[in-house]
Structure formats: C-alpha cells, structure tokens
Amino acid sequence: MMLGSPDLLRDWVLGTLGGLAADDEQHARLRETLLVFLHSGGSYKATAEQLVLHKNTVQYRIRKAEESLGRPVGQNRQDVELALKASQWLGSSVLRSGTAAVDRDHDPRPLAP
C-alpha cells in the first residue's frame, strides 16, 4: 500500500527506525544484524552463527541498534521488522542521508566487525 506513495513510505520508515535509519555503513551493519536477530527469533547465538560473528559482537550491535531506535527491539517488533525490510529493499530512497542523520547516542568509534 505504501509503495504507491514513496514519501509516505519514507516518512514511516524514518519514524519507525529513528536514528537507525541513517544511510551510512555503521547503521547498515546494525540494521542487518537486527533483521537477522529478529528472523532468528531473538537468538544471539543463531544470529552470530548466521553472520559469522562472535556472540558478544551481536549483543553489542543489538544494544546499539536499540539505542538508535530509542526503544527496546521488542516494542513494535513487526513495524521495526517491516521497516528494516523496506530499507533493505529500497535503500537510500527510504533512509536519511548519513550527513543529515543526527544520532544523540553516536559513538565515533567504529563498530566491532
């Protein structure tokens, strides 16, 4: 339904994902990790195995994703998952440009691989 109105879809994705909708490499990793985490039923171990990461790295990324979302992952889980899929499929057209993104919890250190 929202594909009929790109502006409406973009506004919804930005509102749903908050700071996680930043179109940069750091937030792209967080979005990917969070989507796999949600698809694996919230399992850190399964997410780590699928992404070939250490479990602690997955836990760190999920914590950072929650900070960027501004709420726990479980809140509005279905909306978050759908917004993550939309950002995966449509990329920059539904995300906030990296230079325009303001994340109050931004940590200038790079994320763990």
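The buried residues of α5 pack against three other helices: α1, α2 and α4. Those buried residues are Val80, Glu81, Ala83, Leu84, Ala86 and Ser87, so keep an eye on that list as we go, since the cut-off for calling a residue buried is under 20% relative accessible area. The helix itself has 14 residues and spans 20 Å from its first C-alpha to its last, close to the 20 Å expected at 1.5 Å a residue. Right after α5 comes Gly91, with a positive phi of about 55 degrees.

Before going further, remember that what you're looking at is a predicted model. How sure was the predictor? The average pLDDT of the chain is 87, and 83% of the residues score at least 70. Among the helices and strands, confidence is highest in α3, at 98, and lowest in strand β2 (residues 96-97), at a mean of 92. Residues 100-110 are another story: the pLDDT there is below 50, and beyond near neighbours in sequence this stretch has 11 contacts in the model.

Now step back and take in the whole chain. Its secondary structure comes to five helices and two strands, and from the N terminus on the elements run α-β-α-α-α-α-β. Of its 113 residues, 39% count as buried. The chain exposes about 6,500 Å², with carbon and sulfur atoms supplying 53% of that area. And who touches whom? If you take the contacts between residues at least 6 apart in sequence, 69% of them join residues at least 24 apart.

Next, the inside. In soluble globular proteins, nonpolar side chains tend to be buried together. Here, the largest nonpolar core has 26 residues, and the members that touch the most others are Val13, Leu17, Leu20, Leu34, Leu69, Val80 and Leu84. Two or more residues apiece come from α1 (6-17), α2 (25-39), α3 (44-51), α4 (55-69) and α5 (77-90). The largest share, six residues, comes from α2.

Which residues does Leu34 touch, once those up to four places away in sequence are set aside? Leu20, Ile62, Ala65, Leu69, Val73, Val80 and Leu84 make up the list. You've met Val80 and Leu84 already, as buried residues of α5.

Stay in α2 for a moment, because Leu30 lies in that helix too. Leu30 has a relative accessibility of 2%, which is why it counts as buried. Look from there to Leu20: the two residues are 10 apart along the chain, and their C-alpha atoms are separated by 7.5 Å.

Over in helix α3 you'll find Thr47. Is this threonine buried or exposed? Thr47 is buried, because its relative accessible area is 0%. Leaving aside neighbours within four places in sequence, Thr47 is in contact with Thr33, Val36, Phe37, Ser40 and Val58.

Phe37 on that contact list leads us to the aromatic rings. The structure holds one aromatic pair. Its partners are Phe37 and Tyr44, with ring centres 4.9 Å apart and planes at 40 degrees, so the pair is tilted. The two partners differ in how much of them is covered: Phe37 is buried, with a relative accessible area of 8%, whereas Tyr44 is partly exposed, with a relative accessible area of 30%.

Finally, a look at two loops. Val52 is found in the loop between α3 and α4, and its phi is near 55 degrees, a positive value in a residue other than glycine. Val52 is exposed, because its relative accessible area is 72%. Asn76, in the loop between α4 and α5, also has a positive phi near 55 degrees, and Asn76 is likewise a residue other than glycine. With 49% relative accessibility, Asn76 counts as partly exposed. From Asn76, carry on along the chain into α5 (77-90), and you're back at the helix whose buried residues pack against α1, α2 and α4.

Key: Residues numbered from 1 in each chain as written. Predicted model: local features only at pLDDT ≥ 70, side-chain atom pairs only at ≥ 80, totals over all residues. Heavy atoms only, no water. Core = buried A, V, L, I, M, F, W, Y, C linked by side-chain atoms within 4.5 Å. Buried < 20%, exposed > 50% of the residue type's maximum accessible area, 1.4 Å probe, protein only. Helix = DSSP H or I, 4+ residues; strand = E, 2+ residues; numbered from the N terminus. Contact = heavy atoms within 4.5 Å. pLDDT = per-residue confidence, 0-100. Areas by Shrake-Rupley, 256 points an atom, 1.4 Å probe, with all protein chains shown as cover. Expected span 1.5 Å × (residues − 1). Phe/Tyr/Trp six-rings, centres within 6.5 Å; stacked < 30°, edge-to-face > 60°.
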